[in-house]
Amino acid sequence: PYSVGCLQAYALQHLKDPSSFEFLTPVFERVPVKEAVAELISADLVAFSSYVWNEQLQLEIARTLKKLHPSVVIVFGGPQVPPDAEEYLASHPFVDILCHGAGENPFTAILENLNGNWEAIPSVSFLKDGVFYKTPCEDRVINFADFPSPYLAGVFDPLVEAHPGMKWNAL
């Protein structure tokens, strides 16, 4: 859950009004699609951190979630998001927006713009009215002081409390 914890910690520090957002406990274990969807169905936005080992499962969760909750905003980021994303978005119409590179800033900006006005958000790709958009990618992060620790920010506290029998390892 480290990647999503980093996104949440950054967003909570940089959102204009962080108290207006509620973050669900992340789905971090490999669970059946139906179970994951049941945990996520109440969300207005669901973000996926996509890796080679979880991409197909996450795509199926996103597809099912969008079918049951058409207004949910589906965000994909992570190493499996291709840099040339037009074909990827066309073949996965249930994915609303892709983040390229470091996702903290784009994710926070997407939260601030749930209305779909994403043209000014850096490092994202999306389809809008059938037109493909890819915004310029941000430079690599230089100042790591801008990125709070999800551990110190308490982001993982509810997750640990929800799974009292689990042994946790910090990265």
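This presentation walks through a predicted model, from its strands to its salt bridges, its largest pocket and two unusual backbone angles.

Good morning, colleagues. Let me begin with the parallel strands. Strand β2 covers residues 73-77, and five of its five residues are buried. Val73, Val75 and Gly77 point one way from this strand, while Ile74 and Phe76 point the other way. That pattern fits a broader rule: in a regular strand the side chains alternate between the two faces of the sheet. Here the residues on both sides of β2 are buried.

Which strands pair with β2? One partner is β1, and the two run in the parallel sense over five bridges. Within that pairing, Ser49 has Gly77 of β2 as its bridge partner. Between these two strands the chain passes through α3, and the resulting β-α-β crossover is right-handed. Another partner is β3, again parallel to β2, this time over two bridges. There, Val75 is matched with Ile97 of β3. The connection has a helix in it as well: β2, α4 and β3 form a right-handed β-α-β unit.

I turn now to the salt bridges. How many does the structure hold? There are three. As general background, side chains of opposite charge can pair when their charged atoms come close.

Let us take Arg63 and Glu60, whose closest N and O atoms are 2.4 Å apart. Both residues belong to helix α3, which spans residues 55-68, and because they are three residues apart there, about one helical turn separates them. Arg63 is partly exposed, at a relative accessible area of 36%, and Glu60 is partly exposed too, at 31%.

The next pair is Lys66 and Asp96, with 2.7 Å between the closest N and O atoms. Lys66 sits in helix α3, whereas Asp96 sits in the loop between α4 and β3, so this salt bridge ties together parts that are 30 residues apart in sequence. Are these two residues buried or exposed? Lys66 has a relative accessibility of 15% and counts as buried. Asp96, at 17%, counts as buried as well.

The remaining pair joins Glu119 to Lys128, and here the closest N and O atoms are 2.9 Å apart. Glu119 is partly exposed, with a relative accessible area of 36%. Lys128 is also partly exposed, with a value of 25%.

Lys128 leads us to the hairpin. Strand β4, residues 124-128, runs antiparallel to strand β5, residues 131-134, and four bridges join them. Lys128 itself stands opposite Val131 in β5. Two residues lie between the strands of this hairpin.

One residue of that turn deserves attention. Asp129 lies in the loop between β4 and β5, and its phi is positive, near 55 degrees. For context, most residues other than glycine have a negative phi. Asp129 is exposed, with a relative accessible area of 78%.

Where else does a positive phi occur in a residue other than glycine? Ser123 has one, near 65 degrees. This residue is placed in the loop between α5 and β4. Ser123 counts as buried, at 2% relative accessibility, whereas Asp129 is exposed.

Next, the largest pocket. It contains about 1000 Å³ of space. Its lining is made up of 37 residues, and those nearest its centre are Val4, Pro26, Val27, Leu40 and Ala47. Which elements contribute to the lining? At least two residues each come from α1, α2, β1, α3 and α5. Helix α1 gives the largest share, six residues. What is the lining like by class? It has 24 nonpolar, nine polar and four charged residues.

Finally, a brief word on Lys34, which is placed in helix α2. Lys34 is exposed, with a relative accessible area of 74%. From Lys34 to Ile61 is 27 residues in sequence, and their C-alpha atoms are 7.8 Å apart in space.

To close, I return to a few points for those new to this model. Strand β2 pairs in the parallel sense with β1 and with β3. The structure holds three salt bridges, and one of them links helix α3 to the loop between α4 and β3. The largest pocket takes its largest share of lining residues from α1. Thank you for your attention.

How values were computed: Residues numbered from 1 in each chain as written. Predicted model: local features only at pLDDT ≥ 70, side-chain atom pairs only at ≥ 80, totals over all residues. Heavy atoms only, no water. Salt bridge = Lys/Arg side-chain N within 4 Å of Asp/Glu carboxyl O. Buried < 20%, exposed > 50% of the residue type's maximum accessible area, 1.4 Å probe, protein only. 1 Å grid on protein atoms, 1.4 Å probe; cavity = no way out; pocket = protein on both sides within 12 Å on 5 of 7 lines; lining within 4 Å. Points joined across faces, edges and corners; volume = space filled by probe spheres on them. Nonpolar A, V, L, I, M, F, W, Y, C, P; charged D, E, K, R; others polar. Pairing = 2+ DSSP bridges. Right-handed = clockwise from strand over helix to strand, strands pointing away.
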